[in-house]
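Colleague: Could you take me through one part of this model up close? I would like to hear about the pocket and the helix packing that goes with it.

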Amino acid sequence: MASLQPFYNWTQDLNEEDIKHPVLFIGHGSPMNGIEDNEFSQNWAKMGKEIPKPKAVLVISAHWLTRGTHITAMNNPKTIHDFGGFPQALFDVQYPAKGSPELAAETAKLIHSTNVGLDHDWGLDHGTWTVVRHMYPDADIPVLQLSIDYSKPAQYHYDLAKQIALLRKKGVLIIGSGNMVHNLRMIDWKKLREPEYGFDWAIEMNDIFKQKIENRDHKALIDYENLSKASKLAIPTPDHYYPMLYSLALQDNQEDTVFFNDKLVGGSLNMTSVKIG
């Protein structure tokens with residue numbers, strides 16, 4: 001029975017609270033935001049101070065695509081540098097947050113639509129650590145990742161996310177990390193530093209996304225391919241879009257949304273982020 005003690009301790013610590021923790025969708029953009037002191041990273045740091053300090057953070061990152069659904073279940077997740085061509089300073093970053101095998105097991109039990117694998121090989125990819133290290137620079141909060149089953153459609157991910165809603169009342173901050181508008185092939189690299197530079201179709205889609213989110217029209221956002229002719233330009237592949245659906249699925253009818261980092265970058269990328277609750 002001794003082996004069950006850590007799980008017992010964790011579940012006792014995660015008793016339901018009177019209020020729900022907020023949910024975030026973060027447009028994470030370039031990995032360089034992980035080390036740069038810019039408008040985006042400053043707002044992430046500000047958000048970390050404004051919301052209640054969580055007991056744990058669970059991130060659905062655009063950069064962990066799997067067959068089947070998995071959750072990191074190791075004690076010490078490694079910092080993954082899943083990119084190339086950036087300065088050595090970015091590769092030198094380590095974010096030594098602990099994991100939580102106990103929370104991983106409890107989260108897996110909440111999900112009934114599929115068997116969730118307990119993963120001991122992944123870690124924290126840049127969709128997670130580049131954001132969370134600004135929010136919680138002391139790395140004193142357990143951080144886990146839930147993978148995206150890339151063989152499944154949008155509705156599947158939205159429905160799956162609803163099954164982990166109870167975590168919000170147990171002090172867990174759930175973050176979807178991706179980008180609503182994400183077309184790297186069309187980025188104008190020469191105008192990457194030009195403030196708020198966006199192609200017409202990217203501006204159109206950013207406005208449509210915000211309108212649908214404000215109106216709680218989640219059905220339209222799930223059926224994103226039919227939002228506009230520009231949808232295929234904004235979402236050529238859904239990997240960076242699906243994390244937003246996880247966040248929106250956790251919104252209650254009475255909860256408002258607040259946008260931040262509402263900017264376009266390089267013409268074809270938006271950093272627009274959402275706080276729910």
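Modeller: Happy to! One definition before the pocket: Ala, Val, Leu, Ile, Met, Phe, Trp, Tyr, Cys and Pro count as nonpolar, Asp, Glu, Lys and Arg as charged, and the others, Gly among them, as polar. Please keep in mind that this is a predicted model.

With those classes, the lining of the largest pocket holds 15 nonpolar, ten polar and eight charged residues. The space in this pocket comes to about 760 Å³. Its lining has 33 residues, and those closest to the centre are Gly29, Ser30, Leu192, Val265 and Leu269. Two or more lining residues come from each of helix H2 (39-50) and strand E10 (264-265).

Let's follow H2 from there. Its axis and that of helix H5 (residues 126-135) come within 7 Å, crossing at roughly 55°. Angles that are neither under 35 degrees, over 145 nor from 65 to 115 count as oblique, so H2 is oblique to H5. The crossing of these two helices is right-handed.

Which residues in H2 and H5 meet? On the H2 side they are Ser41, Trp44, Ala45, Met47 and Gly48, and on the H5 side Thr130, Val131, His134 and Met135. Sorted by class, the contact of H2 with H5 has five nonpolar and four polar residues, with no charged ones. So, back at the pocket, H2 is one of the elements giving two or more residues to the lining, and H2 also meets H5 through residues including Trp44 and Met47.

Technical notes:
Residues are numbered from 1 along each chain as its sequence is written. This is a predicted model: local features need pLDDT of at least 70, side-chain atom pairs count only at pLDDT 80 or more; totals for chains, interfaces and linings use all residues. Side-chain values use heavy atoms; hydrogens and water are left out. On a 1 Å grid over the protein atoms alone, a cavity is a set of points where a 1.4 Å probe fits but cannot get out, and a pocket is an open set with protein on both sides within 12 Å along at least five of seven lines; lining residues have an atom within 4 Å of a point. Grid points are joined across faces, edges and corners, and a volume is the space filled by probe spheres set on the points. Helices (H or I, at least four residues) and strands (E, at least two) are DSSP runs, numbered from the N terminus. Axes are lines fitted to C-alpha atoms, for helices over the stretch in contact, and angles run from 0 to 180 degrees between N-to-C directions. A crossing is left-handed if the near helix is turned anticlockwise from the far one by less than a right angle, and right-handed if clockwise. Contact means heavy atoms within 4.5 Å.
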